[in-house]
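Biologist: Could you take a close look at one part for me, the place where the two chains meet, and then follow it back into the strands behind it?

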Amino acid sequence: MSPTPTPKPVDAVVVGMGLVGSIIAKALVDAGLKVVGLERGPMRDTVPDFLAPAIHDELKYSIRKALMIDAAKETFTFRNDVGQTALPMRRIEMFLPGNGVGGAAAHWNGLVFRFQESDFVLRSHLEQRYGAKFFDPALTIADWGVRYAELEPHYDRFDRLYGVTGKAGNLQGVRQPGGNPFEAPRSKEYPNPPMKELYAGKLFRTAAEQFGYQPFIGATANLTRTYTNSEGLTLQPCMYCGFCERYGCEHFAKGSPQTTILPVLRQKPNFELRPQSRVLRINVDRERRFATGVTYLDAAGRETVQSAPLVIVSAFGMNNVRLLLLSGIGKPYEPATDSGAVGRNFAYQTLSAATVFYDESVRINPFMAAGGTGTFIDEFGGQNFDHGPHGFVGGAFIGPLLTGGRPIEFHPVPPGTPRWGQSWKDAVQRHYNHTVNILCHGSSMPTRGNYLDLDPTYRDAWNQPLLRITFDFPKNDLKMSQFVTGKALEIANRMGGKLVAGGARQGPAVTTQYQSTHTTGGTIMGDDPSRTVVNRYLQSWDIPNVFVVGASNFVHNSSYTPTATVGALAFWAADALVGRYLKQPGALVPT
Amino acid sequence: MSGISKSGKGPAAPSRRVLIKAGGLGLASLAAPLSGITNAAPVSGPLQHPAYRFFTASEAAFIEAATARLIPGNAESPGAAEADVPIYIDRALAGAWGGGAGLYRSGPWQTGVPSQGYQLKLTPAELYRAAIGSIERELGRTGTAFATLAPKDQDAFLKKLEQGLLDLDGVPSNVFFDVLLQNTVEGFFSDPLYGGNSNMVGWKLVGFPGAYASWYDLVDKHGIDLSRRHPMAIAQEGTEATPSGSHMGR
C-alpha cells in the first residue's frame with residue numbers, strides 16, 4: 001500500500017456532507033476559513049447519478065436501497081427495552097440511512113413543516129397549560145434552550161435555499177387563507193407557490209371541510225416553477241414523476257445539497273470535498289480539553305489524520321451520537337442511573353393510517369405524485385388542541401401523502417385478502433388505482449428507557465461497535481395514535497369510498513417494516529450540562545471546539561416532519577460559529 | 001408476447017450464443033423453446049427451461065410451480081409464470097443480492113423476538129437451497145414432487161409453509177415462504193431488465209406506467225383514464241417520440 005497521506009491542517013473539518021454539513025461548510029468558507037468536508041460515501045450528483053430513465057428503477061432504489069448504507073458493512077442493533085438482547089438489523093427496513101454526498105437530503109421526499117413555538121419550550125408550555133402532573137413522569141420532555149422566534153430567520157433562510165413551495169397560513173401573526181392556520185408565525189411568504197393538489201387530496205379536502213377542518217396543501221421542497229435560490233443556483237419545476245423519496249431527482253426539481261449549494265461550494269478555493277472518507281473518531285488532546293481534528297479512512301482505506309482546530313459533527317443524527325461515543329466525548333447516558341447525556345432522549349415518529357377503497361370509477365392515478373404532495377389538516381397536531389380530557393401529549397397532522405404508485409411497495413388490498421393466489425391477484429388489480437391512504441404523522445415523546453449507546457457485541461466492517469437502539473413506543477404515544485387515527489377514520493368514512501380500513505399504531509416497535517427515517521435525539525440541546533450534550537448554540541459542553549448539529553439535537557420529536565427544523569438549526573449554528581465562536585473561541589455558554 | 005408458452009410452440013430455437021447474449025441483457029423473455037439447450041436431467045413442468053444460472057433443474061421445477069400458485073395466471077391473464085418470475089428469482093440468487101449484499105452477516109446469531117427481524121446465518125442463496133432441498137426431501141417421503149401435485153394440494157402445502165408448520169432442517173418454513181413471496185412480487189413488478197415482469201404484464205395488470213415519469217400536465221386532471229396507455233420499461237425509454245426526462249408531458 002502507498003504511504004499514508006498527511007493532509008495539511010485546515011481551519012475546520014466538517015464530518016458529513018449532507019444537508020447540515022453543506023450549509024455549515026459554506027458559512028465557514030464564506031467567512032474565509034479553509035475547510036475540508038469529509039463524506040464516508042461516494043460522490044453523487046444529478047449528472048450522472050440521478051438521470052432518467054435509469055433512476056426510475058423501483059427495485060434498485062426502493063427495494064435494494066442503492067442510495068443507502070450497505071448493511072453487509074454496517075448496521076444498527078435494536079431492542080425494545082433493556083430486558084432484551086439487542087440484535088443487528090441484518091436487513092435495514094425500519095429507516096433509510098443515507099450514504100453519499102448529499103446524505104439523506106439527496107433522496108428525501110421534500111415535505112416541509114416548521115415546529116410550533118410551543119415545541120421549543122414544551123415542558124414549560126405543558127406545565128403552564130395543564131399543570132405539572134399532567135403528563136406521564138416517564139416522559140423526559142424538556143425545554144430546548146432556544147426559542148422559535150430566534151430560529152425563525154433561519155427557517156426562512158432554509159426556505160429560500162431549498163426553494164420551498166407552499167402558502168403561508170400565518171404571516172407575522174396574521175392568519176392567511178389557504179395555508180396551515182396552526183403554523184407558527186412566519187416573517188415571509190414561501191418563496192414559491194404550492195404544489196398542485198392531487199385527486200386524493202381533493203377527496204380528502206372535501207370530506208375534511210365537512211367537519212369544519214381547514215385543509216391546506218403541504219409545503220415541500222419539490223419545486224413548482226423555475227427558481228433561482230439564495231446561492232444563485234436554479235432549480236426547475238417538479239414533474240410529479242412518482243419516484244421521489246429513495247431517489248435522486250433528475251429534473252433539478254428537489255431541494256437537496258446537490259441542487260441548492262454544493263455546485264457553488266465546490267468552486268470555492270478554500271473548500272475541499274473528500275468523498276469516501278470515513279471518519280473513525282474525533283481526536284482530542286491529552287487533557288481532553290479540545291479536539292485536534294479527526295482520524296478517517298481515505299478512499300483506499302488508509303488511516304489518515306486531518307488536523308483542524310474546529311470540528312463540525314453533521315453526519316446524520318444517529319451517526320452524530322455514535323461518533324461522540326466512539327471518540328469518548330461526553331458522558332454516555334445510562335438509563336439505570338439516569339446519569340450521563342450522550343444517547344439520551346432518542347425518539348422516532350408514530351405513524352398510522354386510514355385507507356379508503358373506492359369504486360372502479362374513481363381513478364386515483366397514484367403514480368402521478370411528488371414526494372411532498374399532500375393535503376393535510378393540523379387540527380390534531382402538536383399542541384393545537386385541548387389535551388386536557390385526553391391524558392396524552394402530542395398529536396399528528398393528517399392527510400393523504402401520496403408519493404407515487406410504485407407497485408412493489410404499493411399494491412393495497414382490503415383487510416382479509418389472502419397474501420397470495422388468485423384472490424390476491426384479483427384484489428391487487430381491482431384496488432391499485434382506486435385506493436387512498438390517509439396518513440397520521442404523529443409525534444414521538446422521549447422517555448427514560450428509549451436511548452442510544454454502543455453495542456457490546458456487534459461491530460461493523462471497520463471493527464467499530466455498532467450503535468445500539470433501545471426503543472419502544474411509550475404508552476403516551478400509543479394513546480395519541482388511537483385518538484388521531486380515530487379522527488382520520490371519521491374523515492375517511494366521509495370520503496365516498498366503498499370500504500374504509502385502518503387502525504392506530506400498535507406496539508411493540510418493529511424493525512421489519514419501514515415507518516420513517518425521522519430518528520431524533522441523542523445529542524440533545526438545552527441549558528443543563530448534566531442532562532444535555534450541546535448548549536443552545538449546538539456546541540459541545542465538554543469539548544468547546546466541537547459542534548454537533550442535526551436531528552440528534554431534538555429534545556423530542558414533534559408531529560411535524562423534522563427536516564426544516566434541522567435546516568434552521570444548521571443556519572443557527574453557522575451564525576453562532578461565524579458571529580460568536582470564530583470571534584472568540586471558547587465556551588459560548590458558561591458551564 | 002413471451003416466447004415461452006405452455007403449448008411449447010414458438011419461433012425456432014435461437015443459437016446458444018444468441019440466448020446467452022439475450023440473457024445477459026436481461027431480455028430472457030425473448031428465449032424461445034430451448035430444444036437445443038439442456039440443463040441437468042430433464043424435468044417435468046409447464047415451462048420449457050431457459051438457462052438458469054442458480055437453480056438446479058429440480059429446484060427450478062419447484063420454483064416454477066410454487067410461483068405459479070402465488071400469482072396464478074394464463075395466457076389471457078398473465079401471472080408469475082408468464083412474467084418469468086422464476087428467471088427474476090434465479091438471477092437475483094445468482095447475483096450479489098443472493099450472495100448476501102445488503103445483509104449483515106456477522107455473528108453471534110440469536111433467534112431474538114419478531115420485532116428484530118431476520119436473524120438466520122443464511123444468505124438468500126443459501127436459504128433457498130436449504131429450504132427447497134428440505135421441501136423435496138419432505139415431499140419425497142410421500143413420493144411426490146411439488147410440481148406434480150394438483151393445484152389445490154400445492155396451495156395446501158404452501159399454506160403449511162406460510163404458517164411455519166414445517167421445520168426445513170432448521171429453517172422455519174414461514175421465514176423461507178416470506179422471502180419467496182416477496183421475491184415473487186418483486187419479480188412480477190420490477191423493471192423487465194431484471195428478468196421478470198416480462199412484457200410488463202405485471203404493470204399492465206394494475207395500470208402502472210413504469211419508468212415513464214412526466215406527469216406535470218396530467219396530475220390535475222383528476223380521475224383521467226390512462227388505462228389504454230402502454231407502460232414503458234427503462235430499456236425502452238428514449239425510443240419513444242418524447243425524449244426521456246422531457247418536461248413536455250403528453
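**Where chain A meets chain B**

Modeller: Sure, let's start with one atom pair: Glu186(B) and Arg64(A) join their side chains in a salt bridge, 2.9 Å from N to O. Bear in mind that this is a predicted model. Between chain A and chain B the count comes to five salt bridges, and there are 32 residue pairs in polar contact, both partners at pLDDT 80 or more. On the side of chain A that touches chain B, the elements giving two or more residues are H3 (58-63), E3, E4 (87-88), H6 (199-210), H10 (422-431) and E21. H10(A) gives the most, with five residues. Sorted by type, the residues on that side of chain A split into 31 nonpolar, 17 polar and 15 charged.

As for the whole contact, 63 residues come from chain A and 71 residues from chain B. The area buried between the two chains is about 5700 Å², and carbon and sulfur atoms give 61% of that.

Now the strands behind it. E3(A) (residues 76-79) pairs with E22(A) in the parallel sense over four bridges, with Arg79(A) opposite Thr470(A). E21(A) (residues 451-459) pairs with E22(A) too, but in the antiparallel sense, over five bridges; here Leu452(A) sits opposite Ile469(A). The hairpin of E21(A) and E22(A) has five residues between the strands, and in it Asn463(A) takes a positive phi near 65 degrees. E22(A) itself, residues 465-470, is mostly covered, with six of its six residues buried.

How values were computed:
Residues numbered from 1 in each chain as written. Chains lettered and ligands numbered in written order. Predicted model: local features only at pLDDT ≥ 70, side-chain atom pairs only at ≥ 80, totals over all residues. Heavy atoms only, no water. Buried < 20%, exposed > 50% of the residue type's maximum accessible area, 1.4 Å probe, protein only. Pairing = 2+ DSSP bridges. Contact = heavy atoms within 4.5 Å. Buried area = accessible area lost by both parts, 1.4 Å probe. Salt bridge = Lys/Arg side-chain N within 4 Å of Asp/Glu carboxyl O. Polar contact = N/O pair within 3.5 Å; in protein donor to acceptor, adjacent residues only side chain to side chain. Nonpolar A, V, L, I, M, F, W, Y, C, P; charged D, E, K, R; others polar.
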